[in-house]
Amino acid sequence: MRRVVWVCCLIIGVIGGWFASVPERPYALDYKKMTLNLLVTHSEFLNEPTFPLGEKYLAEDMAAVLGKMGIEARVYAIEDLYSNRNFKAGYALYMRAYPELQLSGYHNYFDKDKIAILYETIPYKLEEVKNADVVFTGSLKKSREYQAMGINAHFLPQFTRLDKFYYDPKPELKNELLFVGNRYPDTPSRKSIEYALEYGFKPAVYGAGWENVLVGENAALYKAKQIPGDNLKYFYSSADIVLNDTREDMIEAGFISNRIFDVTAAGAFIISDYIPEIEEIYGDSVPMYKNKEEFKMLIDYYLAHPEERREKALKAQKITRERFGAEAVMAEMMRILEQYRQEKGIGK
């Protein structure tokens, strides 16, 4: 019996000594690291050249800018969600989350010090939003609604990379009208293209889902499924007019398409459907239409007045460069996250 007790004490002593030699928190999270989780796809698709969702490119831009700020950020897909634990990131940011994820639930049990962030780029369901520790939304309207509900929400506009989008026109890429955007099966139409075709305009169209729509006499308008992100500035700044339209749910919720920021940063002239938030930011530098008659009027007028196009494009570019550069927006995000971490005493 004494021998058994002695052996047990020896084992306990060895184990105790081993634990004493291990750092206090061997799996402590690193708040200089962040995972950017895209929950609607699988990792094999992240390297595809014609990926249809803008969040992928937004996440990649975020990772690049955060890296310059000393925050190591990696983009993950849904199938990698739990395998990314070895990265030891203190921050986990999600785009297009869904209720089953239970953001506030799983990390309370596994990585309770991991800060779960939701970045809302399109309207999300309330059950998705309420599960996050910190919510960033591109809609000032939604941020106010969430705050009134007691949700830790902050307005964080979508942004653009000023080192990626700037004025650099190429004569061989010149088009009178340019539209860059996808057409999904559940989307009955895109106003820009619908109105343009009705009035006989001939826009150059890039994006997924158009190959079976632009057919017959309009087949020549369809150019390609995608323009590589680093080349978009050439196409935007070479066009006389870039067209923009917005999903109805985004208009209702107060979200501005990221296309507005990219195009204006590239010093290009853009005409958009009417959104009060665009008017509030850009004034008359981004002309907007409320119906197809106004669309035609704006296209006719600005095609005939290139000097006014350039004047407004420069005005809009100045606003974007001053307020919506990625570095400034990401710095504000990290300021809010660091403040939250300090207030909660996380990671001390």
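A residue counts as buried when its relative accessible area is under 20%. That cut-off is used throughout this tour of a predicted model.

**The whole chain**

Begin with the entire chain in view. Its secondary structure comes to 13 helices and 12 strands. Of its 348 residues, 50% count as buried. The accessible surface amounts to about 17,300 Å², and carbon and sulfur atoms account for 54% of that area. Among contacts between residues at least 6 apart in sequence, 68% join residues at least 24 apart.

**The six-stranded sheet**

Next, display the open sheet of six strands, whose order is β2-β1-β3-β4-β5-β6 with parallel pairing. Its edges are occupied by β2 (72-77) and β6 (153-155); each has a single partner strand, so one side of each lacks a neighbour in the sheet. From one strand to the next, the twist averages 25 degrees.

Start at the β2 edge and move inward. Strand β1 (residues 30-38) runs parallel to β2, the two being joined by six bridges. To locate this pairing, select K33 together with E72, its bridge partner in β2. On the other side, β1 is joined to β3 by six bridges, again in parallel. Here the pair to select is M34 and Y91, the latter standing opposite in β3.

**Strand β3**

Select residues 89-95, which form β3. How many of the seven residues of this strand are buried? Seven of the seven are, so β3 is largely enclosed by the rest of the structure. Its pairing with β4 (residues 115-120) is parallel and extends over four bridges. Two residue pairs mark this pairing: Y91 has I115 of β4 as its bridge partner, and Y94 has L118. Y91 thus appears in both pairings of β3, opposite M34 and partnered with I115.

**Strand β4**

Now select residues 115-120. Six of the six residues of β4 are buried, so this strand too is largely enclosed by the rest of the structure. In a regular strand the side chains alternate between the two faces of the sheet. For β4, colour the two sets separately: I115, I117 and Y119 lie on one side, and A116, L118 and E120 on the other. Both faces are covered, with all of these residues buried.

Continue to β5 (residues 134-137), which is joined to β4 by four parallel bridges. Y119 and F136 are the residues to pick, as F136 stands opposite Y119 in β5.

**Helix α2 and its partner α13**

Keep the sheet displayed and add helix α2 (residues 54-68). This helix lies across β1, β2, β3 and β4, and runs at about 165 degrees to β1.

Then add helix α13 (residues 326-344), which packs with α2 at an angle of about 75 degrees, the axes being 10 Å apart. That angle makes α2 roughly perpendicular to α13. To see the contact, show side chains for M62, V65, L66 and K68 of α2 and for A326, E327, M330, M333 and M334 of α13. By class, these residues comprise seven nonpolar, no polar and two charged.

**Helices α11 and α12**

Two packed helices are described by the angle between their axes and the distance between the axes. For a second helix pair, select α11 (residues 292-303) and α12 (residues 306-323), whose axes come within 6 Å and cross at roughly 105 degrees. This crossing makes α11 roughly perpendicular to α12. The contact involves Y301, Y302 and L303 of α11, and P306, E308, R309 and K312 of α12. Its residues divide into four nonpolar, no polar and three charged.

**A265 in helix α9**

Centre the view on A265, which belongs to helix α9 (residues 258-265). Is this residue buried or exposed? A265 is buried, with a relative accessible area of 0%. Beyond its neighbours within four places in sequence, A265 is in contact with T160, L162, F165, Y166, Y167, Q317 and T320. Add F324 as well: its C-alpha atom is 8.8 Å from that of A265, although the two residues are 59 apart along the chain.

**Helix α6**

Finish at helix α6 (residues 191-198), where the buried residues are K191, S192, I193, Y195 and A196. Just after this helix, select G200, which takes a positive phi of about 85 degrees.

Methods:
Residues numbered from 1 in each chain as written. Predicted model: local features only at pLDDT ≥ 70, side-chain atom pairs only at ≥ 80, totals over all residues. Heavy atoms only, no water. Buried < 20%, exposed > 50% of the residue type's maximum accessible area, 1.4 Å probe, protein only. Axes fitted to C-alpha atoms, helices over the stretch in contact; angles between N-to-C directions. Parallel < 35°, antiparallel > 145°, perpendicular 65-115°, else oblique. Contact = heavy atoms within 4.5 Å. Nonpolar A, V, L, I, M, F, W, Y, C, P; charged D, E, K, R; others polar. Pairing = 2+ DSSP bridges. Areas by Shrake-Rupley, 256 points an atom, 1.4 Å probe, with all protein chains shown as cover.
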